[in-house]
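Q: I'm new to this structure and would like a close look at a single part of it. Please pick one spot, go through it slowly, and then show me what lies around it.

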There are 2 protein chains.
Amino acid sequence: MTKPAQITQSLRTWMDVFMHRSMRGWSQFAKSTGLSMPQFSILMQLHHKGPCGLSEISERFDISSAAASQLVDKLVQSNYLERAEDPSDRRAKLLRLSENGAKLVDDGIHERYRWMDELASKLDAGERVKVVEALEILTKAAQNLEDKK
Amino acid sequence: MTKPAQITQSLRTWMDVFMHRSMRGWSQFAKSTGLSMPQFSILMQLHHKGPCGLSEISERFDISSAAASQLVDKLVQSNYLERAEDPSDRRAKLLRLSENGAKLVDDGIHERYRWMDELASKLDAGERVKVVEALEILTKAAQNLEDKK
DNA sequence: GCATAAAGTTAAGCCCGCTTAACTAAAAAG
DNA sequence: CTTTTTAGTTAAGCGGGCTTAACTTTATGC
């Protein structure tokens with residue numbers, strides 16, 4: 001740890017470049033779908049965490065259940081979500097991505113990956129080895145950090 | 001290039017972890033300031049690209065000049081922005097961050113960096129060297145990619 | 001069984017961001 | 001000097017997201 005500032009600086013610079021670029025692509029895609037950001041986020045969440053009830057939506061996004069219900073309703077009407085009864089609790093609803101919704105999310109994810117793939121294609125073999133190794137270190141450290149909380 | 005999938009996979013995994021985490025912190029901070037996302041984005045943009053006129057705002061965010069004018073007006077009234085006359089063109093206004101606005105942006109950036117710094121602190125010396133090297137490769141490649149467009 | 005709690009829905013109302021349209025003022029073009 | 005273009009503001013109106021409040025339906029605690 002002779003130069004603690006170095007790693008900090010590298011991470012910050014990379015973060016700036018990376019955030020700037022990927023946020024741009026992300027919001028462009030969201031805009032192109034015609035969905036609002038909250039709507040889009042709900043689809044993404046359903047994708048990552050799987051089907052869930054409405055109460056989970058309202059908790060995770062920190063909005064009232066009324067707001068969640070309305071957002072979900074729009075997504076159901078746009079045919080991105082299916083809202084079924086939960087057989088184990090007839091009060092609850094089971095929300096899941098429709099075929100249409102799943103496709104949209106996949107497209108969005110693919111869009112986010114595109115730039116990364118392009119970036120990878122610019123690296124030579126030696127660079128790739130180094131990058132893979134470093135990213136595995138970072139990913140692992142990040143997951144440890146997350147788990148401890 | 002024996003395994004083209006490997007680097008792609010590493011980049012994607014890291015991206016998922018990284019995006020998830022930094023988006024969370026970012027939107028939490030935006031919320032805590034009481035500013036809307038468009039308002040916050042304008043401040044960030046002023047910080048990164050320096051003072052500019054209203055027309056640049058409307059172009060960069062792809063909104064009408066009326067919308068930009070209204071957003072800016074709120075930021076001026078909240079004392080985050082200064083709106084002065086451009087001495088070289090009396091039609092134009094010169095928008096710049098106020099002291100207050102600059103502080104807010106700095107806080108936001110610092111908040112975004114916090115997690116990265118924490119991450120860095122979990123690495124040992126050998127890992128840091130590798131990470132620094134890899135991030136420099138990536139950052140450089142990203143900047144090349146950007147310049148060519 | 002009955003009271004209470006929990007899951008969702010619906011409606012009224014608010015603020016926000018955005019657009020179009022009409023306008024003012026200043027610069028540029030002729 | 002007059003016309004046109006450019007920079008910005010203001011107002012009306014729309015749709016979106018959010019909240020609170022009132023309500024229905026189903027599960028749970030006692």
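A: Let's start with the surface near DNA strand D: sorted by class, its residues are 9 nonpolar, 9 polar and 8 charged. Keep in mind as you look around that this is a predicted model.

In total, 26 residues sit around DNA strand D, and the ones that come nearest are A:Ser36, A:Ala66, B:Gly53, B:Ser55 and B:Ala66. Both chains are in that list, and you can see the sharing in the helices and strands too. From chain A, helix 2 (37-49), helix 4 and strand 2 each give at least two residues to the surface near DNA strand D. From chain B, helix 3 (54-60), helix 4 and strand 2 each do so as well. If you want one element to put your finger on, try helix 4 of chain B, which gives the most to this surface, with 6 residues.

Now swing over to DNA strand C. Here 26 residues surround the strand, and the closest are A:Gly53, A:Ala66, B:Ser36, B:Ala66 and B:Ala67. Chain A brings helix 3 (54-60), helix 4 (65-77) and strand 2 (89-97) to the surface near DNA strand C, while chain B brings helix 2 (37-49), helix 4 (65-77) and strand 2 (89-97), with at least two residues from each. This time helix 4 of chain A supplies the largest share, 6 residues. Class by class, the surface near DNA strand C holds 9 nonpolar, 9 polar and 8 charged residues.

How do the two chains relate to each other? Turn chain A by 180 degrees, with 0.0 Å of shift along the axis, and it superposes on chain B with an RMSD of 0.0 Å. The two copies are therefore related as by a two-fold rotation axis. To find that axis in chain A, look for A:Ala134: its C-alpha is the nearest one, 3.1 Å away.

The chains also touch each other, with 40 residues from chain A and 40 residues from chain B in the contact. On the chain A side, helix 1 (4-33), helix 5 (99-121) and helix 6 (125-147) each supply at least two residues. Helix 6 of chain A provides the largest share of that side, 18 residues. The side of chain A that touches chain B divides into 22 nonpolar, 8 polar and 10 charged residues. Since 100% of the interface residues of chain A are also interface residues in chain B, the copies meet through the same surface.

Back in chain B, have a look at helix 2 and helix 5 (residues 99-121), whose axes come within 10 Å and cross at roughly 95 degrees. That makes the two helices of chain B roughly perpendicular to each other. B:Leu43, B:Met44 and B:His47 of helix 2 meet B:Gly101, B:Leu104 and B:Val105 of helix 5. This contact counts 4 nonpolar, 2 polar and no charged residues.

Two loop residues of chain B round off the tour. B:Asp62 is in the loop between helix 3 and helix 4, and its phi is near 55 degrees, a positive value in a residue other than glycine. B:Asp62 counts as exposed because it has 9 C-beta neighbours inside 10 Å. B:Asn79, in the loop between helix 4 and strand 1 (81-86) of chain B, has a positive phi too, near 70 degrees. With 11 C-beta neighbours inside 10 Å, B:Asn79 also counts as exposed.

Note on methods
Residues are numbered from 1 along each chain as its sequence is written. Chains are lettered from A and ligands numbered from 1 in the order in which they are written. This is a predicted model: local features need pLDDT of at least 70, side-chain atom pairs count only at pLDDT 80 or more; totals for chains, interfaces and linings use all residues. Copies are superposed by least squares on the C-alpha atoms of residues with pLDDT of at least 70 in both. Two residues are in contact if their C-beta atoms, placed from the backbone, lie within 7 Å. A residue is near a molecule or strand if its C-beta atom, placed from the backbone, lies within 6 Å of it. Helices (H or I, at least four residues) and strands (E, at least two) are DSSP runs, numbered from the N terminus. Ala, Val, Leu, Ile, Met, Phe, Trp, Tyr, Cys and Pro count as nonpolar, Asp, Glu, Lys and Arg as charged, and the others, Gly among them, as polar. A residue is buried if 20 or more other C-beta atoms lie within 10 Å of its own, exposed if 12 or fewer, and partly exposed in between; C-beta atoms are placed from the backbone. Axes are lines fitted to C-alpha atoms, for helices over the stretch in contact, and angles run from 0 to 180 degrees between N-to-C directions. Angles under 35 degrees count as roughly parallel, over 145 as roughly antiparallel, 65 to 115 as roughly perpendicular and the rest as oblique.
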